[in-house]
Amino acid sequence: MQEFKPFKEGKVREVYDNGDTLILVATDRISAFDNILKNKITDKGAILTQMSKFWFDFTKDVIPNHLISTDAEDMPEFFRQPQYNGNSTLCKKLQMLPIECIVRGYITGSGWESYQKNGTVCGIKLPEGLVESDQLPEPIYTPTTKADLGDHDEHITFDQSVEILEKLYPGKGEQYATAIKDATLNLYKKCAAYARERGIIIADTKFEFGLDENGNVVLGDEMLTPDSSRFWPVEGYQPGQSQPSFDKQFVRDWLKANPDNDYLLPDEVVNKTIDKYKEAYQLLTGTEFTR
């Protein structure tokens, strides 16, 4: 059996070269505030992989994506080992664009903190009188840089995203920046409407895009998972306060409340986190999670 070693390792993902394709493995690691926590969340990687597959299939009419298969039978024998069961994605090779495409449909988190100070979120002026967790009149696009492991992403304007891409792709910076902005907003609107019908509010999320061999913009990485999004229950939603969540905001809140945590979560936080992930998966896909 051929052995594989990751050529790239992120906070929670490992990437393996498979010739003309890649294999993306979502681990059970969890990160918060740009740090990897010491705990592992059992089944987390498989849930994220299967949820992303659901969304990739759901949105392939909006924009092409990198997904080929999540079936181990379509991958080399190495990835048929138990630790890769359900959490591995065979995908197209893309030249990833160095922009994290963040879209916000509700005001919360750092956006709410910024709005309280000066009425803006990432430099975008918003209407007066909004309260915490309010739905925005229209979703807003607030891209960031894509930092290396251990560094922090930095908010940038749309014009700055054009400049970054123009340096990499002379003559095409504005074309690519516009394409990923439009795709981000279109994906969010379609998926947020669907999720709301299923009992989940997608408050915000992020997407990542790359270029295929023909220079076409393609959706990659993960998509609309509890790791890349804020999910709130529709039931009990009440603007003017923070909301309970299905995502790792529960972990962030515990870390904030326990600053001397050494990035180690108690068992009860770990167990509640995976239960929330499984509940979100079932609501969104209509099926119970199984590996």
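## The cavity lining

Let's start with the residues around the largest cavity of this predicted model. Its lining divides into six nonpolar, three polar and four charged residues. Which element gives the largest share of this lining? That is helix α1, with five residues. Strand β3 and α1 each supply at least two residues of the lining.

How much space does the largest cavity hold? About 100 Å³ lies inside. Of the 13 lining residues, the closest to the centre are Leu24, Thr49, Ser52, Thr89 and Asp221. If you are looking for cavities of 30 Å³ or more, the structure holds one.

## The sheet

Now for the strands. Five of them form an open sheet, and if you walk across it you meet β1, β2, β3, β7 and β6 in that order. The pairing is antiparallel. At the edges sit β1 (8-9) and β6 (67-69), each of which pairs on one side only. As a general reminder, strands of a sheet pair through backbone hydrogen bonds, either parallel or antiparallel.

Have a look at edge strand β6 in your viewer. Two bridges join β6 to β7, which spans residues 88-92, and these two strands run antiparallel. Which residue of β7 does Ser69 stand opposite? The residue facing Ser69 there is Leu90.

## The helix across the sheet

Helix α1 covers residues 44-59 and lies across four strands: β2 (13-18), β3 (21-26), β6 and β7. Relative to β6, α1 runs at about 115°. This same helix, α1, is the one that gives five residues to the lining of the largest cavity.

Technical notes. Residues are numbered from 1 along each chain as its sequence is written. This is a predicted model: local features need pLDDT of at least 70, side-chain atom pairs count only at pLDDT 80 or more; totals for chains, interfaces and linings use all residues. Side-chain values use heavy atoms; hydrogens and water are left out. Two strands pair if DSSP finds at least two bridges between them. Contact means heavy atoms within 4.5 Å. Axes are lines fitted to C-alpha atoms, for helices over the stretch in contact, and angles run from 0 to 180 degrees between N-to-C directions. On a 1 Å grid over the protein atoms alone, a cavity is a set of points where a 1.4 Å probe fits but cannot get out, and a pocket is an open set with protein on both sides within 12 Å along at least five of seven lines; lining residues have an atom within 4 Å of a point. Grid points are joined across faces, edges and corners, and a volume is the space filled by probe spheres set on the points. Ala, Val, Leu, Ile, Met, Phe, Trp, Tyr, Cys and Pro count as nonpolar, Asp, Glu, Lys and Arg as charged, and the others, Gly among them, as polar.
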